[in-house]
Amino acid sequence: MISLNNKVALITGGSRGIGAAAALMLAEAGVTVAFTYASKKKQAQAVADKAARASGSCLIIQADMSKPADVKKAVKAVMSNFGRIDILVNNAGVWKRGAIGKITEQQWDETLDINLKGTFLFCNEVVPIMKKQRGGKIINIASTAGQRGEAFYSHYAASKGGVIAFTKGIAVELGPHKIIANCVSPGWVDTDMTSHVLHRKKEIAAINKAIPRGKVATPQDIAGAVLFLASDLSNHIVGAVINVNGGSVLYG
Ligand code: NAP
């Protein structure tokens, strides 16, 4: 039912977690995938090898989301290898604890630069390409934190709230160009980002209890929504925030 043969996707942060699951799921649907990583080259290569077995080839690019020159380099590499970008998934991100009153300007900037500015930078580079191609899909990974806030992660919540507002802005602006932008908004997902919390017995029991479905998501749960938004089945969904949180936070 979902076939994305001949499509090319660029995913940020595909070396681990949600990005890796999305890279593999899109590759299994026929997409030629390129993805970035920050420093974990071995893990990135292992994901790329699996993706290439599914769809023929996969390109990995080292790039820091927050650096305009790296973003330009990444987009250029995809264009020179594959010649087009049909799907952009802005996934790479950081989640670092910080109490208000103690967060340093450097911590604030790091989170906002990677999570929000990085999303902007990639969109800014890729949209002109999608305009020339007369269409495309942009999928930005937000968070429940961006919808309801998150204590001790206010800088993270601000970055993800920004991702949601930014996505709605470009969705309306780019709709007439057949470029469809949406967010996927995960709740708790079992990845390296959260393992220090989720693997504490006491914490996981309380977290599971607060989720109507009774468990945290797998990276594949989130990748499924990414695949749906990348496909033609979702073409009339524009500027939406797709919650993938087991029912824990019900803001659209
Ligand atoms: P993860 O397992 O920690 O993986 C993070 C990915 O981002 C890695 O591929 C990493 O590359 C890359 N990355 C980190 N900093 C980067 C930078 N400065 N420039 C480029 N790439 C960078 O994270 P995850 O849990 O899969 O999260 C993916 C997205 O989902 C994030 O935006 C996160 O905020 C969001 N999210 C996660 C959860 C959750 O519970 N896990 C919940 C809501 C939203 P390396 O491997 O090279 O370090």
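**Briefing: a parallel sheet and its helices**

Asn90 of the predicted model stands opposite Asn140 in S5, and this pairing belongs to the contact between strand S4 (residues 87-90) and S5, which run in the parallel sense over 4 bridges. The model is a predicted one, and the points below move from the sheet to strand S5, then to the helices and to Ile204.

**The sheet**

- Seen as a whole, the sheet is open and has 7 strands with parallel pairing, in the order S3-S2-S1-S4-S5-S6-S7.
- Strand S3 (58-62) and strand S7 (241-244) stand at the edges with a single partner strand each, so that one side of each has no neighbour in the sheet.
- From one strand to the next, the twist averages 15°.

**Strand S5 and its surroundings**

- On its other pairing, S5 is joined by 6 bridges to strand S6 (residues 179-186), and the two run parallel; here Ile139 stands opposite Asn182 in S6.
- Strand S5 (residues 136-141) is largely enclosed by the rest of the structure, because 6 of its 6 residues are buried.
- Which residues cover the two faces of S5? Gly136, Ile138 and Asn140 lie on one side, while Lys137, Ile139 and Ile141 lie on the other, and all of these are buried.

**Helices packed on the sheet**

- As for the helices that pack on the sheet, helix H3 (residues 68-82) touches strand S1 (8-11), strand S2 (32-37) and S3, and its direction makes about 160° with that of S3.
- Helix H4 (residues 105-133) also packs on the sheet, where it touches S1, S2, S4, S5 and S6, and its direction makes about 175° with that of S4.

**Helices H1 and H9**

- The axes of helix H1 (residues 17-28) and helix H9 (residues 219-230) come within 8 Å and cross at roughly 50°, and H1 and H9 are therefore oblique to each other.
- The crossing in which H1 passes H9 is right-handed.
- On the H1 side the contact is made by Gly17, Ile18, Ala21, Ala22, Met25 and Leu26, and on the H9 side by Pro219, Gln220, Ile222, Ala223, Gly224, Val226, Leu227 and Ala230.
- Sorted by class, the residues of this contact between H1 and H9 are 11 nonpolar and 3 polar, with no charged residues.

**Ile204**

- Ile204 lies in helix H8 (residues 201-209) and, when its neighbours within four places in sequence are left aside, is in contact with Leu198 and Val216.
- Although Ile204 and Val216 are 12 residues apart in sequence, their C-alpha atoms are 8.7 Å apart in space.

Note on methods
Residues are numbered from 1 along each chain as its sequence is written. This is a predicted model: local features need pLDDT of at least 70, side-chain atom pairs count only at pLDDT 80 or more; totals for chains, interfaces and linings use all residues. Side-chain values use heavy atoms; hydrogens and water are left out. Contact means heavy atoms within 4.5 Å. Axes are lines fitted to C-alpha atoms, for helices over the stretch in contact, and angles run from 0 to 180 degrees between N-to-C directions. Angles under 35 degrees count as roughly parallel, over 145 as roughly antiparallel, 65 to 115 as roughly perpendicular and the rest as oblique. A crossing is left-handed if the near helix is turned anticlockwise from the far one by less than a right angle, and right-handed if clockwise. Ala, Val, Leu, Ile, Met, Phe, Trp, Tyr, Cys and Pro count as nonpolar, Asp, Glu, Lys and Arg as charged, and the others, Gly among them, as polar. Buried means under 20% relative accessible area, exposed over 50%, partly exposed in between (1.4 Å probe, protein chains only). Two strands pair if DSSP finds at least two bridges between them.
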